[in-house]
Amino acid sequence: MSKQYETVIGLEVHVELATKTKIFCGCSTAFGAGPNTQTCPVCTGMPGSLPVLNKQVLEYAIAVGLATNCDITRYAKFDRKNYFYPDNPQNYQISQLYLPICQNGGVEIETEEGGIKTVGIHEIHMEEDAGKLIHDEWEDCSLVDYNRSGVPLIEIVSEPDMRSAQEVIAYLEKLRLIIQYLGASDCKLQEGSMRADVNLSVRELGAEAFGVRTEMKNLNSFRAISRAIAGEADRQIDLIESGEKVVQETRRWDDASGESYAMRSKEDAQDYRYFPDPDLVPISVSEEMLAEIREKQPEFRDDKMKRYKAEFDIPDYDIDIITQSKHMADIFEAAVALGAEPKKVSNWLMGETLRLMKEREVDAQDLRFSPAHLATLIRLVDTKAINSSVAKEVFEVMFEENVDPEQYVEEKGLKTVNDEGALKKAVEEVIAANPQSVADYRGGKEKAIGFLVGQTMKAMKGKADPGAINRMLKELL
Amino acid sequence: MRITDMTAVLLAEAIREGKTTAVEATEAMLERIADKDKELNCYVTVDKEGALKQAKQVQEKIEKGELTGSLAGVPVAIKDNLCTEGLLTTCASRILHNFVPAYTAEAVVNLQKAGAVILGKTNMDEFAMGSTTETSAYGVTRNPHNIEHVPGGSSGGSAAAVAAGECFYALGSDTGGSIRQPASYCGAVGMKPTYGTVSRYGLIAYGSSLDQIGPLTKDVRDCATVLEVIASHDDKDSTSLVRQDTDFTKALVEDVRGMRIGIPNDYLGEGLDEEVKTAILQAARVLEEQGAVVERFDLSLVEYAIPAYYTIAAAEASSNLERFDGIKYGYRAEEYTGLHHMYKKSRSEGFGEEVKRRIMLGSFVLSSGYYDAYYLKALRVKALIKKAFDEAFAKYDMILGPVAPTTAPRLGESLADPIKMYLGDIYTIAVNLAGLPGISVPCGQDSKGLPIGMQLIGDCFQEKKLLQAAYTYEQISSRVSDL
């Protein structure tokens, strides 16, 4: 490759909002119910039914807009996007084209070189999700489940401001954190509650005009996004280098093969015949409503990190990890507020929590143990009511079932035995049974005492304070 | 007097007084329908069993004192574009030939709560697109005054059923005159209320921003009574209004003294039948004699209403009718290869000519590159028309004019020339574009014995003024004809 190229990327990010009910009717949005059990005349597009906007959707959309520095459109409208497909019961999708709720925003991201750059947000609009088609190959027919029909989405459309996969991931992470902090969505790529379509073009480094872009769909993980960006940039550069032209088209990424396939070209693009939906009245956003939403905005991650640095004596690394999830940060802050030492809370989060999250594939936002229980566990260790290996055992149960550690320790008889007589008896027995180790220790092998402590712990079924055993062994030897 | 000739209010009174029962009235009406409807074809569906069952239940409630309203026990006919749970609702289209809704339209629910007995579903122009009830997939409805003539449309089945005594009153819908014009052709009273007064939930949409449900009745008292019952704020309809002034029967007062009535010169010009014109001006004189101040004025913009209307209504219809695709309910072509072929074939076979024409027109005006030139321009015209009406209502309490340029045309005359048919909506359409209330009141007959209707148009929320003037006119003219 003789020439140097630059990759230009813009994203369309769909986020499923965490409302209890759908965008235009009262049906539940809960995931996993039997097919078509969460439907009504509105979300199945029955004749004569009419949409009514769920106010929570508007509030979430505005909250995301404010958090991403957008202008909030004070007189917004819904438009109909007309296209025929069986997952779309009305054969039009209610979306926003002409007057989307948020416009002209942007978020700051860190670049690869460690600098800061702003990725512009062209607009955020509200829309309804479609149902799900299930192709039954056995019966050779297609079935449709409208449970997802009418689930609220926002689409966040960026400017073509990103230049690398790293910037794309940083931007997505930023959005994810903002939206999760707002509680507006859980933003899980794998589960589809956050979906990113990548618009990508390449141009010679220094060129002003944009190249012809393609849109890449079906990207279900950060890894897939990175790979698709690299693959598509290479594909386009190869085309240009070999004198061919990039065709404006929508492509589908196949992560298994690591390749993309053309889905439809611009020539096949449908005319969606957008027009304002006459069934929905225009939205006017009042000053009071804006003020109310502003008032409710949480402390976002950047501010939280700054505050933690000032308030708590814990490593920057810990702060970075803890604040990556509002839920984890909430656990941290609440446990500390209950009197637990920040560093100890942080250690539990950095150590056992992360280990179990990885082992059991649990997301930080899905952590179940309560901060009060964590604070109790820390107190039990501090007061030597349990030793640290028992604490880890208890924590595992808390992690799964959020049990009260105090009660659990009591019920299971896991309390450290502080009975001097019993301990002494056990130590004496261990000394008697392990003459070699005793001899080693006496002969100057300090390490041999570790083996004897272990044997005593075993005899005590783990419910002893290792420090106390150590002291007693040294006395008796 | 035959029971079937009674007005709704008088029948309810007779039922309350124990002189007759809801069951008797329903039986009489079903008999009347059996007798007359083969000829007139007012109904797509007559729900004989259901009606009798409802009548029994309603009668029991009346006797227990649970139902005391002024329409309790009175059988009604419902236009076939209003959803009725468990009862076939076709929009007079082949594409909905087997559609049985799972819920009932809010306006109909309001009637049921008031003790209405639903007789069946009335014929109409397919999806309310037409002015003659000839575009129905279930045959034409004939005008009871002369069966060689159309009843008007699109609520032609409802209007003809009221005029023929095949129901005590009916519901219709009005997108560009679809209640007022057939009322005028059939000699019934028909009212389109202010947009947002009656919930559209359950009304199968034609032009969503223009559609309103309203009553077709034998007289003005029934009209006010029915409107009072069906008007309601409905959380299920975002365009539904909260109104405190829906006690429409309070307006049934014989008094027009000091009312300022404007007659637009634009409504008396070229194209208006001389006999219709004479009848309208005569009606205006009657009101003037009762103390109203009647003046001529220029409304302006009238000629732009038709193109603006057909652009907006067709655009909305093209989208509203997309859901009829043969997938979930309704007609599906028997043979097809693949999804898109199924769509095309089902819709080509399921929709009639006029519906297809308007879907094509609507799709065109919304298509990229034409949207601004047609759809947006039509919206601007709509806003200007509203402004012209605002100026008129600064001077007048109401506007008086004809409902339609002629009396009911002969069957088969209109569809051959759709543009001419569209032009027939000239006096009714602007009212929908501006969201205003309008009422059609009988004001005589032409030399062929076909009814003529007078239209009164009010500013938004001024139904009561219209009802009061219409009531006054009706009282005076009935006394004159009694002489």
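This report walks through selected features of a predicted model, from the nonpolar cores to the contact between chains A and B.

## Nonpolar cores

The largest nonpolar core holds 229 residues. Within that core, Val64(A) and Val76(B) touch the most other members. Helix H2 of chain A, residues 165-182, gives the most to this core. Its contribution is 11 residues.

What does Val64(A) touch, leaving aside residues up to four places away in sequence? Four isoleucines, a leucine and an alanine are on the list: Ile124(A), Ile154(A), Ile178(A), Ile179(A), Leu182(A) and Ala184(A). There is also a second core, separate from the largest one, with 29 residues. Ile322(A), Val345(A), Ala375(A) and Ile378(A) are among them.

## Helices H7 and H8 of chain A

Two packed helices are described by the angle between their axes and the distance between the axes. Here the pair is H7(A), residues 326-337, and H8(A), residues 342-360. Their axes come within 9 Å. The crossing angle is roughly 145°, and the crossing is right-handed.

From H7(A), the contact takes Met328(A), Phe332(A), Ala335(A) and Val336(A). From H8(A), the contact takes Pro342(A), Val345(A), Ser346(A) and Leu349(A). By class, that gives 7 nonpolar residues, 1 polar residue and no charged ones. Val345(A), a contact residue of H8(A), is also a member of the second core.

## A small sheet in chain A

Three strands of chain A form an open sheet. Their order is E5-E4-E15, and the pairing is antiparallel. The edges are E5 (92-95) and E15 (275-276), each pairing on one side only.

Strand E4 of chain A covers residues 79-82. E4(A) and E15(A) pair over 2 bridges, in the antiparallel sense. Arg80(A) has Phe275(A) as its bridge partner in E15(A).

## Asp382 of chain A

Helix H9 of chain A, residues 371-382, contains Asp382(A). Is Asp382(A) buried or exposed? Asp382(A) counts as exposed, because it has 11 C-beta neighbours inside 10 Å. Exposed means 12 or fewer. Ala468(A) lies 86 residues from Asp382(A) along the chain. The C-alpha atoms of the two are separated by 15 Å.

## Enclosed elements of chain B

Helix H7 of chain B, residues 220-230, is largely enclosed by the rest of the structure, because 11 of its 11 residues are buried. The buried residues include Val220(B), Leu227(B), Val229(B) and Ile230(B). Arg221(B), Asp222(B) and Glu228(B) are also among them.

Strand E7 of chain B, residues 260-264, is likewise largely enclosed, since 4 of its 5 residues are buried. E7(B) is joined to strand E8 of chain B, residues 293-297, by 5 bridges. The two strands run parallel. Pro264(B) stands opposite Phe297(B) in E8(B).

## Where chain B meets chain A

The contact between the chains involves 30 residues of chain B and 25 residues of chain A. On the chain B side, helix H9 (302-320) and helix H11 (353-366) each supply at least two residues. Which element of chain B gives the largest share? H9(B) does, with 3 residues.

The chain B residues that touch chain A are mixed in class. They divide into 12 nonpolar, 9 polar and 9 charged.

Note on methods:
Residues are numbered from 1 along each chain as its sequence is written. Chains are lettered from A and ligands numbered from 1 in the order in which they are written. This is a predicted model: local features need pLDDT of at least 70, side-chain atom pairs count only at pLDDT 80 or more; totals for chains, interfaces and linings use all residues. A residue is buried if 20 or more other C-beta atoms lie within 10 Å of its own, exposed if 12 or fewer, and partly exposed in between; C-beta atoms are placed from the backbone. Two strands pair if DSSP finds at least two bridges between them. Two residues are in contact if their C-beta atoms, placed from the backbone, lie within 7 Å. Ala, Val, Leu, Ile, Met, Phe, Trp, Tyr, Cys and Pro count as nonpolar, Asp, Glu, Lys and Arg as charged, and the others, Gly among them, as polar. A nonpolar core is a set of buried Ala, Val, Leu, Ile, Met, Phe, Trp, Tyr and Cys residues joined through C-beta atoms within 7 Å. Axes are lines fitted to C-alpha atoms, for helices over the stretch in contact, and angles run from 0 to 180 degrees between N-to-C directions. A crossing is left-handed if the near helix is turned anticlockwise from the far one by less than a right angle, and right-handed if clockwise.
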